[in-house]
Amino acid sequence: MYGGIANTKRLLYRDEEKLTVENRDYDLFVIGAGSGGVRAARVAAGFGARVAVAEDRYMGGTCVNVGCVPKKLYVYASEFGKSFKDSQNFGWNGDAPHFDWATLRDNKKAEISRLNTIYENLLAGVKANVIKGHARIVDAHTVAVGEQHFSAKKILIATGGWPHIPQFPGSEFAISSNEVFDLAQFPKRLAIVGGGYIAVEFAGIFNGLGAQVTQLYRGPLFLRGFDADIRTHAAKEIAKTGVDLRFGVNVQSITSGQGGLQVLLTDGAIIEVDAVLYATGRKANLEGLGLESVNVKINDDGNIEVDDKYCTSEPSIFALGDVTGGIELTPVALAEGMSFARRQFGGQHDTVDYEFMPTAVFCQPNIGTVGYTEDAARTRFGKLRVFKSVFTPMKNTISGRDQQTFMKLIVDSASDRVVGVHMICADAGEIMQGIAIALRAGATKAIFDTTIGIHPTAAEEFVTMREVWRED
Ligand SMILES: Cc1cc2nc3c(=O)[nH]c(=O)nc-3n(C[C@H](O)[C@H](O)[C@H](O)COP(=O)(O)OP(=O)(O)OC[C@H]3O[C@@H](n4cnc5c(N)ncnc54)[C@H](O)[C@@H]3O)c2cc1C
């Protein structure tokens, strides 16, 4: 993959560093074969570094095993039921097929093990040494895996995060996103606690698969950090799909009884469910990492503190991805891994630019977003022009589904630059990737206006919005 550049850099790196690294086992020892760790290892090895990667659980990390990948597969599964219903007014008839949880779960497992092998081969392909087992830092240049000790010029911590379930009476009955994909039985009644994107996505998945889902969030409105209009519109649309959304409420206790789990809420209500999924946040995975033996600073939130070059306070130790508590998304961990390896082994000094980052929430319908929320844009740029469009998607005109698309453009009045785009719509994630490129290129509203639309699509609305909805 790194081809000719890799060969040039191989020589560069080996010549420069020869004297200092030859007496160590590795130039780079990566702890964690997740998104960030594998990317860093591959790029560093491509530059000629001698690399080892320790992994104690699963190749590919959270994203491949208990995150993005299985989740998206389950999102696909959850959308078929709706499609069967929507097809009827288009002339399709017959009984809707029956959903079988075991088929989905087992096919997902097979796909993930295929991906695990691919990750292993990717590392083998660049001659990175994969060491299976729990890695513990012994000193600033030594890592132990079991009884074996390895020395390295540089150590990279890419150990990711771990779901956090708070302690309360009955919390032992709660499960996390780690377990939910592989439940032995499909939970016909499911309580989901949390208001972040993961909680919202699981609510959509299990609702779509036919479970009765109650989503509980202690704050006044879920999806904190997203644009305020998106949050309101999402709550309205998700409620229409049948998810019982309850805001301003938390769990007091869970007890196990004859009919399932009884969940006592802070408003006094009791709900009976088959499973309680906690998606209330993740913590840096530092368990047994041996950080007490080195000078790596941990911040107040329990994450490893790093600068923009992923340096910790211990000069030979670096950290990136979820373990640093930044933007906890796979493409961010990948970009950080790439940037780290280029700087440390390839002599390249670019840093990751987090501005105008796109992201999606794979709820039904999807949320897609890039750039600033309206509130953040006002703080950052001052005066704004805001455009919005709310309409019934063409498909729903015949299917009869009561669901509306919402789109919003935020424009910096002074420069005419589009600084935020947000939407709720089928395939919003796919649409927003292209919009993100335009925003990073500095597209102005005038450029959006002179772009020819693709008809008939929902996305064409972005180039036909003319009336200002709000102006400062
Ligand atoms: C349910 C869910 C859905 C998600 N969906 C999305 C999504 O749609 N899009 C998106 O961009 N992001 C998504 N994410 C987030 C994404 O998975 C993470 O941001 C990403 O995996 C972080 O990569 P990382 O390299 O920092 O850590 P990880 O991928 O978590 O990798 C860390 C690895 O280190 C290993 N490890 C830990 N400690 C040790 C040790 N001491 N020794 C050896 N190995 C160790 C772990 O076993 C793990 O394999 C989702 C996360 C979850 C939980």
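User: Helix α9 covers residues 330-346; how far does it reach from its first C-alpha to its last?

Analyst: A helix here is a DSSP run of H or I with at least four residues, a strand is a run of E with at least two, and both are numbered from the N terminus. The expected span of a helix is 1.5 Å times one less than its number of residues. With 17 residues, α9 is expected to span 24 Å, and its reach is close to that: 23 Å.

User: What kind of model is this?

Analyst: Residues are numbered from 1 along each chain as its sequence is written, and side-chain values use heavy atoms, leaving out hydrogens and water. Local features need pLDDT of at least 70, side-chain atom pairs count only at pLDDT 80 or more, and totals for chains, interfaces and linings use all residues, since this is a predicted model.

User: What is the mean pLDDT of the chain?

Analyst: pLDDT is the predictor's confidence in each residue, from 0 to 100. In this chain, 95% of residues reach 70 or more. The mean is 94.

User: Where does pLDDT stay under 50?

Analyst: Where pLDDT is low, the predicted coordinates should not be read in detail. The stretch in question still has 33 contacts beyond four places in sequence, a contact being heavy atoms within 4.5 Å. It is residues 1-21.

User: How many of the residues of α9 are buried?

Analyst: Buried means under 20% relative accessible area, exposed means over 50%, and partly exposed lies in between, with a 1.4 Å probe and protein chains only. The buried residues of α9 include V332, F340 and F345. The helix is mostly covered, and its buried count is 12 of 17.

User: Which residue just after α9 takes a positive phi?

Analyst: G346 belongs to the buried set in α9. Just after the helix, phi is about 70°. The residue is G347.

User: Which element gives the largest share of the largest nonpolar core?

Analyst: A nonpolar core is a set of buried Ala, Val, Leu, Ile, Met, Phe, Trp, Tyr and Cys residues joined through side-chain atoms within 4.5 Å. The largest one has 43 residues, with F206, F222 and I367 touching the most other members. Elements that give two or more residues include α4, α5, α7 and α8. The largest share, six residues, comes from α7.

User: Is α7 largely enclosed or open, and why?

Analyst: A199, V200, F202 and F206 are among its buried residues. Nine of the 12 residues are buried, so α7 is largely enclosed.

User: What distance separates the end C-alpha atoms of α7?

Analyst: The helix has 12 residues, counted at 1.5 Å a residue. The expected span agrees with the distance in the model, because both are 16 Å.

User: Which strands stand at the edges of the open sheet of five strands?

Analyst: Two strands pair if DSSP finds at least two bridges between them. The order is β8-β15-β9-β10-β11, with parallel pairing. An edge strand has a single partner, so one side of it is left without a neighbour in the sheet; here these are β8 and β11.

User: Which residue of β15 is the bridge partner of A174?

Analyst: Two bridges join β8 to β15, and the strands run parallel. A174 pairs with V276.

User: How many bridges join β20 to β21?

Analyst: Both strands lie in an open sheet of six, ordered β18-β19-β22-β21-β20-β23, with antiparallel pairing. F391 stands opposite T405 in β21. β20 (residues 384-391) and β21 (residues 405-412) run antiparallel, and the number of bridges is eight.

User: Which residues of β2 are buried on the side opposite V51, V53 and E55?

Analyst: Five of the five residues of β2 (residues 51-55) are buried. Both faces are covered, and the other side holds A52 and A54.

User: Which side chain makes a polar contact with that of T142?

Analyst: A polar contact is a pair of N or O atoms within 3.5 Å; within protein, one must be able to donate a hydrogen and the other to accept it, and residues adjacent in sequence count only if both atoms are side-chain atoms. T142 is in strand β5, and it counts as buried because its relative accessibility is 15%. The contact is 2.8 Å, and the partner is D139.

User: How far apart in space are V273 and G219?

Analyst: V273 is in strand β14. It counts as buried because its relative accessibility is 2%. In sequence, V273 and G219 are 54 residues apart, and from C-alpha to C-alpha the distance is 22 Å.
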